[in-house]
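Reader: I am new to reading structures, and I would love a slow look at one part. Please show me how charged side chains pair up, and what lies around them.

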Amino acid sequence: MADLLSTGVSGLLAAQVGLSTTGHNVSNANTDGYSRQQVSFAARAPQAQGQYYVGTGVDTQAVQRAYSQYLNTALWSASSSKGRADAYQALTDQLNNQLSGSSNLQASLDTFFGAVQDMANAPADASARGVLLARAGALASTFRALSGQFGSLDGQVQRQLTDTVASINSDSAAIAKLNERIRSSTGAQPSDLLDQRDALIKKLSGEVGISVATQNDGTLSVFVGNGQALVSGTQSYELGTAPNAYDATRLEVVDKGTGAVLSGRIGGGTLGALLDFRGNVLDPAQNQLGRAALAMADAFNAQHAQGVDLNGQLGGDFFTVAGPAVQAASGNTGSATLSAGIADLGALGSQDYTLSFDGTAWNLRDGSGAAVAMSGTGTAADPFLAGGLSFVVGGGAASAGDSFRIQPTRNAAGSIAVAITDPNKIAAAVPLLGSAASANTGTGAVGALTVADGTDPNLFTASSIVFSSPTTYSIDGGAAQTFTAGTPIVHNGWSLTLDGAPAAGDTFGVKANANARGDNANALKLGAVANLGVLDGGATSVGRAYGQLVGQVGSAGSLADDAAKTQTAVYNQAMASQQSVSGVNMDEEAANLVRFQQAYQASAQIITAANTVFNALLGAFK
């Protein structure tokens, strides 16, 4: 009877384990990261009874979680991609909203050039001139507002970088602690601890792209970037943030232990999205906005300088704008300095550059790291020239490894302002008038007449150009000069281009504009700046430059939306596959509950039967 009793007790205990495991599954059906646990049983070794064996009951062999390493790894990868896609989409949506919000630059440009046209219609009207200055101030304010909004978004990215790095460090430390508890566990693997660790790894993968390696002692090692360890056994290694080598206000992700910059090596997750968005969307957008501001200021100023105001003075700068920014690397050991200017706006791009000294020569690279050819020697008399920029190296001697970062357009939009406050100083009239004598016999006609040197004291002195032959002329009775069709005639600070072919005896005159107050010739040309090709070798106007900005940001936003939808679908599929193996099925658990309950009751009946037989045996001997 002792064997029958033992057999019943073994079944009772096995059923208890089954009931407890089923109850644990039901209780954690909604616990994130929980893996369904299963009980495995095995028959006890039978006892020999003569020519046959009699079973002795059941043993509980293990309580294990339903788990697939392949499906979990796929889920971690999908979580990383989804984390990146969601963060990237949120950031690009913000940037698109800023461009389409109340600070819409295209509307401000249209309103400003509308005011220029109104002033051209009434060049002497003080109110029209006042409205133009107000619209100019509003346009500059819009540029600055957009630049400020981009700067605020950059600040948000900075804060999110710090918060995400802190969360990564916290999760890495928690994984290392779980590694220690799992490694020190005796006997069977602790399923709940393994689930907790897997849930943390899934969370970590959503924050940064990782790779995971299983060790022989049951611990997991976690790596980021190109093999930078976050967790190794029971030790965690922290990431950190540090100022950029060129800009102390800009944070980079670094290895907190060594200080090595990891920003360019991190992909996936929220952290990868933040770095990618900043470098590939926000920075180019800021540069492109600044490029549009530079184009606006330069083109409008250039035409404004060709006119005269109501006081008879040549037009000065209408707008002011900051030029290229130069930042020395914090690790520079030499005493060389660098200044940069714009040499050719039409050749100016929207990317940043790095000028570095290798101990012998200076080398220029663009934002992608590609070498850029330069001309010149880098002196004030012969500056380096490349990408529409000029560079002058000054100060003392440079040391090998010294470098400077040049941001040609980054600060332009945030600095643009109206340079004049007096409406009378708007240069709406042309300063000079050219004419052809009525008795001329050739086909020569006055073409472009521009100011070449506004500082020439004889600029407004009347001049007469007399052709002694179709290819020879003299000015004010001076020495004979050779005329070449298409080549300007330059004198007293002005430049005159003649169309057609002059004949011998033809005369042309240049004199000051006596009706500057009522003249709108330069105002009309100022209005034409709206569609004037300024950038990309004359192919891109100010408005088109802004359109390029809207287009590139809109394209980035569209791609981000598509990526978010795709990665969400991939993640949902990976989660469904993982849950099909590890998830808790309430119907299945309900059936298990009934099955183990019946087994428990049946085992109890076996114990009762053993007790009845034992009592019967005792009664037989009374």
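## Charged pairs and the space beside them

Author: Let's begin with Arg-291, which is buried, with a relative accessible area of 4% (buried means under 20%, exposed over 50%, partly exposed in between, with a 1.4 Å probe and protein chains only). This is a predicted model, where local features need pLDDT of at least 70 and side-chain atom pairs pLDDT 80 or more, while totals for chains, interfaces and linings use all residues. Residues are numbered from 1 along each chain as its sequence is written, and side-chain values use heavy atoms, without hydrogens or water.

Arg-291 has a partner: its side chain meets that of Asp-536 in a salt bridge, 2.4 Å from N to O (a side-chain nitrogen of Lys or Arg within 4 Å of a carboxyl oxygen of Asp or Glu). Asp-536 belongs to the loop between H8 and helix H9 (542–582), and Arg-291 to helix H6, so the contact ties together parts that are 245 residues apart in sequence (helices, H or I with at least four residues, and strands, E with at least two, are DSSP runs numbered from the N terminus). Unlike buried Arg-291, Asp-536 is partly exposed, at 37% relative accessible area.

Some salt bridges share partners, and they join Asp-154, Arg-250, Asp-283, Asp-352 and Arg-410 into one network. The count for the structure comes to 16 salt bridges. Let's follow one that belongs to the network: Asp-154 pairs with Arg-250, and their closest N and O atoms are 3.8 Å apart. Asp-154 sits in helix H4 (residues 126–183), while Arg-250 sits in the loop between strand S9 (239–243) and strand S10 (251–255), so this bridge spans 96 residues of sequence. Both Asp-154 and Arg-250 are buried.

For another example, look at Asp-217 and Arg-183, whose closest N and O atoms are 3.5 Å apart in a salt bridge. Asp-217 lies in the loop between strand S5 (210–214) and strand S6 (220–224), with Arg-183 in helix H4, so the two are 34 residues apart in sequence. Here Asp-217 is partly exposed at 35%, and Arg-183 is partly exposed at 43%.

Now for the space around some of these residues. The largest pocket holds about 890 Å³ (on a 1 Å grid over protein atoms alone, an open set of points with protein on both sides within 12 Å along at least five of seven lines; lining residues have an atom within 4 Å of a point). Which residues are closest to the centre of this pocket? Of the 31 that line the pocket, they are Arg-250, Gly-279, Asp-283, Gly-367 and Arg-405. You have met two of these names already: Arg-250 and Asp-283 are members of the salt-bridge network.

Helix H6 (269–304) comes back here too. With nine residues, H6 gives the most to the pocket lining. Strand S14 (353–357), strand S15 (362–366) and strand S19 (403–407) each supply at least two residues as well.

There is also one cavity of 30 Å³ or more (a set of points where a 1.4 Å probe fits but cannot get out). The largest cavity contains about 40 Å³ of space. Gln-303, Gln-306, Val-430, Leu-449, Thr-450, Asn-522 and Lys-525 line this cavity. Strand S22 (445–451) and helix H8 (521–528) each bring at least two residues to the lining. H8 may sound familiar: the loop that holds Asp-536, the partner of Arg-291, lies between H8 and H9.

Conventions:
Points joined across faces, edges and corners; volume = space filled by probe spheres on them.
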